[in-house]
Amino acid sequence: MARQVSLNELLSIINNTENFEVVDYQGDSIVIDEVKGIVKIKDEEAKKELSELRKRSPRGKPTPRQISTTAEAVKRLVENKTKFKVIFGPKEVIIRFDLDHYIRLSDKDVRVIGFSSKDEGALGLIADVLERYGPLIFLRRVK
């Protein structure tokens, strides 16, 4: 359910590692919503197979350095009224602009997907923040 928050509330959400999507801006308020697209599996056989995979998946949450870098990048994106999603995973953070353009902060570096240079689009707004975290590694999206 969409709700309006201030920048300070949004930074608090980041510090609590809660996923969110910025869907709009209204004056000084930021309209956020829950991240959609998390798949619910109803087939029991598929659930059983996936539960085996989950047992081996990495546990934990993003590092404090990943969280602070994300907060700094989000401030920049909000100042420029950019729409985006932030998804927290085990030892990683994904900032997604659309299906083809996103950034993944891993524990070692920053993986950039869908952008051809650090000056392109939304990446141009936050490239310097991301470079302080680690090297930008540009990947092409697999089709």
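What follows is a chat between a visitor and a guide about how the helices and strands of this predicted model get their labels.

Visitor: What should I know about the model before we start?
Guide: It's predicted, so local features need pLDDT of at least 70, side-chain atom pairs count only at pLDDT 80 or more, and totals for chains, interfaces and linings use all residues. Residues are numbered from 1 along each chain as its sequence is written, and side-chain values use heavy atoms, with hydrogens and water left out.

Visitor: What makes something a helix or a strand here?
Guide: Both are DSSP runs, numbered from the N terminus: H or I over at least four residues for a helix, E over at least two for a strand. Helix α4, for instance, covers residues 121–133.

Visitor: How do you know that β7 and β8 pair?
Guide: Pairing takes at least two bridges found by DSSP between two strands. Strand β7 (residues 110–113) and strand β8 (residues 136–139) have four bridges and run parallel, so they count as a pair. V110 has L136 in β8 as its bridge partner.

Visitor: Why is the unit of β7, α4 and β8 called right-handed?
Guide: Point the strands away from you and follow the path from the first strand over the helix to the second: clockwise means right-handed. The unit of β7, α4 and β8 is a β-α-β unit of that hand.

Visitor: What makes β1 and β8 edge strands?
Guide: Each pairs on one side only. The open sheet has eight strands in the order β1-β3-β2-β4-β5-β6-β7-β8, with mixed pairing. Neighbouring strands in it are turned by 25° against each other on average, direction ignored.

Visitor: Which antiparallel pairs does β2 make?
Guide: β2 pairs with β4 over three bridges, and E21 stands opposite K85 in β4. β2 also pairs with β3, over five bridges, with Y25 opposite I30 in β3. In the hairpin of β2 and β3 there are two residues between the strands, and G27 takes a positive phi near 65°.

Visitor: Why is α3 called roughly antiparallel to α4?
Guide: Axes are lines fitted to C-alpha atoms, for helices over the stretch in contact, and angles between N-to-C directions run from 0 to 180 degrees. On that scale, under 35 degrees is roughly parallel, over 145 roughly antiparallel, 65 to 115 roughly perpendicular and the rest oblique. Helix α3 (residues 64–79) and α4 pack at about 155°, with their axes 9 Å apart. That angle makes α3 roughly antiparallel to α4.

Visitor: What kinds of residues make up the contact of α3 with α4?
Guide: Eight are nonpolar, two polar and five charged. Ala, Val, Leu, Ile, Met, Phe, Trp, Tyr, Cys and Pro count as nonpolar, Asp, Glu, Lys and Arg as charged, and the others, Gly among them, as polar. Contact itself means heavy atoms within 4.5 Å.

Visitor: What makes α1 roughly antiparallel to α3?
Guide: The axes of α1 and α3 cross at roughly 150° and come within 10 Å. With that crossing angle, α1 is roughly antiparallel to α3. L7, L10, L11, I14 and N15 in α1 meet I67, T70, A71, V74, K75 and V78 in α3. The residues of this contact divide into eight nonpolar, two polar and one charged.

Visitor: Where does α4 lie on the sheet?
Guide: α4 lies across β5 (92–98), β6 (101–105), β7 and β8, and runs at about 10° to β6.
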